[in-house]
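Visitor: Got a few minutes to walk me through this one? I'd like the layout to begin with, then whatever looks odd.

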Amino acid sequence: SAFQDHFLFDKDYLNINHGSFGTYPSCVRAVLRSFQDKTDARPDHFIRYTYPLLLDESRSAMAGYLHVPVEEVVFVPNATTGVNTVLRNLTYAPGDTIVYFSFVYGACEKTVKYVCEINPAAQSMRIDVTLPISDDALCTMLEDALSQLGTH
């Protein structure tokens with residue numbers, strides 16, 4: 001298919017688990033390799049001077065896209081690190097509830113449980129979902145759960 005033409009998968013391979021061990025499009029790989037070449041050519045200079053400028057450029061681009069101040073934009077190596085960083089650094093007040101779906105990645109659910117164990121103000125609400133489910137049904141389940149919480 002046209003989609004597969006953009007990736008480097010073996011022609012006899014059907015990738016159905018792109019979330020865990022996926023890859024990136026060929027054009028992204030080409031850019032990645034160019035940065036690796038620049039790093040290899042002048043490692044100290046790249047890490048000390050070029051990389052911070054490129055990072056600031058990327059943060060600015062994302063800030064514009066998200067319509068937020070650049071100071072609010074950070075990059076993390078993966079979603080689990082992001083969830084851990086955010087949940088462990090929030091200040092919770094009594095009645096604050098972390099709402100999540102039952103299909104959440106296991107490490108993220110463990111973080112939710114940990115945060116609720118160490119912070120008596122935080123509670124959690126797991127929304128049990130049977131897959132497959134439509135987007136509309138999933139949104140309805142979330143809305144119903146949030147309405148059960150009331151306003152806080």
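Guide: Sure. A term to begin with: helices and strands here are DSSP runs, with at least four residues for a helix and at least two for a strand, numbered from the N terminus. Keep in mind that this is a predicted model.

Visitor: Okay, so how many helices and strands does the chain have?

Guide: The chain has 6 helices and 2 strands. Going along the sequence, the pattern reads α-α-α-α-β-α-β-α.

Visitor: And is the chain spread out or a compact globule?

Guide: Spread out: its radius of gyration is 21 Å, while the globule rule gives 15 Å for 152 residues, so the chain is more spread out than a compact globule. The C-alpha trace spans about 55 × 40 × 30 Å along the principal axes.

Visitor: What share of the residues count as buried?

Guide: Of the 152 residues, 18% count as buried. As for contacts between residues at least 6 apart in sequence, 46% of them join residues at least 24 apart.

Visitor: Switching to pockets. How much space lies in the largest pocket?

Guide: About 210 Å³. Its lining is made of Phe35, Phe46, Tyr51, Leu54, Leu55, Ser58 and Phe75.

Visitor: Which helix gives the most to that lining?

Guide: Helix α3, residues 43-66, which puts in 5 residues.

Visitor: And how does the lining divide into nonpolar, polar and charged?

Guide: There are 6 nonpolar residues and 1 polar one, with no charged residues in the lining.

Visitor: I see Phe35 and Phe46 in that list. How many aromatic pairs turn up in the whole structure?

Guide: A search of the whole structure gives 4 aromatic pairs. One of them joins phenylalanine 9 and tyrosine 13, a tilted pair with centres 5.6 Å apart and 45 degrees between the planes. Phenylalanine 35 and phenylalanine 46 make another tilted pair, at 6.4 Å centre to centre and 55 degrees between the planes. That second pair links distant parts of the chain, with phenylalanine 35 in helix α2 (residues 26-41) and phenylalanine 46 in helix α3, 11 residues apart.

Visitor: Is phenylalanine 46 buried or exposed?

Guide: Phenylalanine 46 has 8% relative accessibility, so it counts as buried. Its partner phenylalanine 35 comes out at 31%, so that one counts as partly exposed.

Visitor: Back to the other pair: what about phenylalanine 9 and tyrosine 13, how accessible are they?

Guide: Phenylalanine 9 is partly exposed at 23% relative accessible area, and tyrosine 13 is partly exposed too, at 42%. Ring pairs also bring in Phe7, giving a cluster of Phe7, Phe9 and Tyr13.

Visitor: What touches tyrosine 24, leaving out residues up to four places away in sequence?

Guide: Phe7, Arg29 and Leu32. Tyrosine 24 is in the loop between α1 (18-21) and α2, and with 34% relative accessibility it counts as partly exposed. From tyrosine 24 to histidine 6 is 8.6 Å, C-alpha to C-alpha, across 18 residues of sequence.

Visitor: Now the odd stuff. Which peptide bond is cis?

Guide: The one from leucine 131 to proline 132, with omega near 0 degrees. Proline 132 is in the loop between β2 (123-127) and α6 (135-149).

Visitor: What else is in that loop?

Guide: Threonine 130, for one, is found between β2 and α6. Threonine 130 is exposed, with a relative accessible area of 67%. Its C-alpha is 12 Å from that of valine 104, 26 residues away along the chain. Between threonine 130 and valine 76, 54 residues apart along the chain, the C-alpha separation is 30 Å.

Visitor: Where does valine 104 lie?

Guide: In the loop between β1 (97-101) and α5 (106-118). Valine 104 is partly exposed at 27% relative accessible area.

Visitor: Last one. Which residue has a positive phi although it is not a glycine?

Guide: Histidine 67, with a phi of about 60 degrees. Histidine 67 is in the loop between α3 and α4 (79-89).

Visitor: Is histidine 67 buried or exposed?

Guide: Exposed: its relative accessibility is 71%, and the cut-off for exposed is over 50%.

Technical notes
Residues numbered from 1 in each chain as written. Predicted model: local features only at pLDDT ≥ 70, side-chain atom pairs only at ≥ 80, totals over all residues. Heavy atoms only, no water. 1 Å grid on protein atoms, 1.4 Å probe; cavity = no way out; pocket = protein on both sides within 12 Å on 5 of 7 lines; lining within 4 Å. Points joined across faces, edges and corners; volume = space filled by probe spheres on them. Nonpolar A, V, L, I, M, F, W, Y, C, P; charged D, E, K, R; others polar. Phe/Tyr/Trp six-rings, centres within 6.5 Å; stacked < 30°, edge-to-face > 60°. Buried < 20%, exposed > 50% of the residue type's maximum accessible area, 1.4 Å probe, protein only. Rg over C-alpha atoms; globule rule 2.2 N^0.38 Å. Contact = heavy atoms within 4.5 Å.
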